[in-house]
Every structure is written in structure tokens, then in C-alpha cells.
Amino acid sequence: HKLSPMRAARNTQGEKRQLMLLAFLFVIGAGTATARTATPPAPKPAVIKSERDTAFRFLPVPLISYNRSLGGMFGLVPLAMYPLNKKDTVSPASLTGGMGLYTTNKSWFAMVFGLWFLDEDRWRVTAAGGGGNIKFQFYAGGPIDDFLRYTTAAGFVYIDVKRRIVKDLYLGVNREYADFRNSFDDVGNDNRAITTTFTGVCFVG
């Protein structure tokens, strides 16, 4: 079954958004895992954190994978965990990191992110930003009857701020901006841009 250029473009665009979504979910997942280590506010005297909780830790995580669209994927996720205030005996360690990914079809993606826990875990802030060039090709039927190379230059920025309103319940706002610029390498300067913004309100318990 042969796909039309428009339908094939939508299919490949979906795969690229999935890659962006995976990067975004990595940030949110890391934040959730870190937040769950938080100790609820304790009555005085405060619980003293262990040396492991107050020390700087650096964790480089390699990424190696493969799929039929991008080929071999090789990357690195460096993570740094640290306390913002060593006198704060409640907040979990904050996290700063990045991710770099390169594939054998010459696609690439990079991002940085941070997760910060402030004022005895009363405030939680998440921020991330990244971008890359993602290359695909698809088969166009009909009069074209050939493979077309297809590239998306993508970027995003995300910020989320939450405030604890009662024990174990946070209220926050977030803002996301994403930009996708698509071009068919075999069709001159045919560039198509898709820009999306999203503002949300969240409750976290």
C-alpha cells in the first residue's frame, strides 16, 4: 500500500513528536522519582539527612538503542544531584542534567533540564529546553513513485512551578512552547512550521 506525501509526512511527524515526548517524559519521570524521596515536614527537632542526601553526586547514564527509522542511536544523560541548602533537612536533592543523542542517519537531539526543591520542599520548580534535527525518509506513491527525504528542526521550552498548599498537595502552573519546522530535502525550500504553546494548572498529591 503506497502512502501519499501528506499522509506519510503526518506519520513521520508523529514519530518525531514521539521522540520529543520521550525526552519530555524523561524529565517529568526523573522529577517524580526524585520528589518521592522527599521527607514530609517533621516536628522539631528536624530529622538530619544522611551524608548521601547532602553530598554532590554525578551520574553519567549511557543510551544505546536502535529502530528502523533512525538507525543506531547513541547518547549520554549526565545527571548531577545536590542539595540547594544543606541546612534544609526536608527537601530532597535537586537535580540538573542534560541529554545528547546522535543517530546513524545523522539525526541529533540535545536538551538540558533542572528540578529544584526549595524552602523545605514548599516550592518545586522544573525547567527544560532542547532541540535537534531529525531526519526521515518515506515512500511516496502516485506520480512521484520514489523515496523523499524529510527533515524536522524541532525545539521546545518547558517550565513548571508548584507550591505546597496543604500536606502532600501541591498547586502549580506550567508553560510549554514547541516549534517544529519541516522541510522536504528534495522539494526545494518547502518549509512548513508548526508552533504550539500550552499553559496548564496542575495538582500533585
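**Exercise 1. Classify Asp119 and the residues of its salt-bridge network by exposure.**

Solution. Asp119 has a relative accessible area of 45% and is therefore partly exposed, since that class lies between the limits of 20% and 50%. The model is a predicted one, and the values used here are computed from it.

Step 1. Identify the network. Salt bridges link Asp119, Glu120 and Arg122.

Step 2. Take each pair in turn. The side chain of Arg122 meets that of Asp119 at 3.0 Å, N to O. Arg122 also forms a salt bridge with Glu120, at 3.6 Å, N to O.

Step 3. Classify the other two members. Arg122, at 27% relative accessibility, is partly exposed. Glu120, with a relative accessible area of 34%, is partly exposed as well.

Step 4. Add the background. Oppositely charged side chains can pair when their charged atoms come close.

**Exercise 2. Determine whether the residues of the salt bridge between Lys162 and Asp160 are buried or exposed.**

Solution. Step 1. Establish the pair. The side chains of Lys162 and Asp160 meet at 2.6 Å, N to O. This pair belongs to a structure that holds 5 salt bridges.

Step 2. Apply the cut-off of under 20% for buried residues. Lys162 has a relative accessible area of 11%, so this lysine is buried. Asp160 has a value of 3% and is therefore buried.

Step 3. Place Lys162 in the fold. Lys162 lies in strand 6, where Arg124 stands opposite.

**Exercise 3. Describe the order of secondary structure elements and the overall burial of the chain.**

Solution. Step 1. Count the elements. The chain has 2 helices and 8 strands.

Step 2. Read the order from the N terminus. The sequence of elements is α-α-β-β-β-β-β-β-β-β.

Step 3. Assess burial and surface. Of the 205 residues, 40% count as buried. The exposed area of the chain is about 12000 Å², with 61% supplied by carbon and sulfur atoms.

Step 4. Consider contact range. Among contacts between residues at least 6 apart in sequence, 55% join residues at least 24 apart.

**Exercise 4. Trace the pairing of strand 3 with strand 2 and strand 4.**

Solution. Step 1. Locate strand 3 and its cover. Strand 3 spans residues 94-103, and 7 of its 10 residues are buried.

Step 2. Take the pairing with strand 2. Strand 2, residues 71-82, pairs with strand 3 in the antiparallel sense over 8 bridges. Here Leu79 has Gly97 of strand 3 as its bridge partner.

Step 3. Take the pairing with strand 4. Strand 4, residues 108-118, runs antiparallel to strand 3 and is joined to it by 8 bridges. The bridge partner of Met99 in strand 4 is Met111.

Step 4. Examine the turn. Strand 3 and strand 4 form a hairpin with 4 residues between them, and Lys106 in the turn has a positive phi of about 75°.

**Exercise 5. Follow the hairpins from strand 5 to strand 7.**

Solution. Step 1. Begin with strand 5 and strand 6. These strands run antiparallel and are joined by 18 bridges. Their hairpin has 5 residues between the strands, and Gly142 in the turn has a positive phi of about 65°.

Step 2. Continue to strand 7. Strand 6 and strand 7 run antiparallel, with 16 bridges joining them. In strand 7, Leu169 is the bridge partner of Val166.

Step 3. Examine the second turn. The hairpin of strand 6 and strand 7 has 2 residues between the strands, and Asp168 takes a positive phi near 65°.

**Exercise 6. Compare the makeup of the largest nonpolar core with that of a nonpolar surface patch.**

Solution. Step 1. Find the central members of the core. The largest nonpolar core has 26 residues, of which Leu95, Phe109, Met111, Phe113, Phe138 and Phe156 touch the most other members.

Step 2. Assign the core to strands. Strand 2, strand 3, strand 4, strand 5, strand 6 and strand 7 each supply at least two residues of this core.

Step 3. Turn to the surface. Leu84, Leu118 and Trp123 make a nonpolar patch of about 250 Å².

Step 4. Check one patch member. Leu118 is located in strand 4. With a relative accessible area of 32%, Leu118 is partly exposed, and patch residues need over 30%.

Conventions
Residues are numbered from 1 along each chain as its sequence is written. This is a predicted model: local features need pLDDT of at least 70, side-chain atom pairs count only at pLDDT 80 or more; totals for chains, interfaces and linings use all residues. Side-chain values use heavy atoms; hydrogens and water are left out. Buried means under 20% relative accessible area, exposed over 50%, partly exposed in between (1.4 Å probe, protein chains only). Two strands pair if DSSP finds at least two bridges between them. Patches are made of residues with over 30% relative accessible area and no salt bridge: like charges are joined within 9 Å, nonpolar side chains (Val, Leu, Ile, Met, Phe, Trp, Tyr) within 5 Å. Accessible areas come from the Shrake-Rupley method with a 1.4 Å probe; for residues, only the protein chains shown count as cover. A salt bridge is a side-chain nitrogen of Lys or Arg within 4 Å of a carboxyl oxygen of Asp or Glu. A nonpolar core is a set of buried Ala, Val, Leu, Ile, Met, Phe, Trp, Tyr and Cys residues joined through side-chain atoms within 4.5 Å. Contact means heavy atoms within 4.5 Å.
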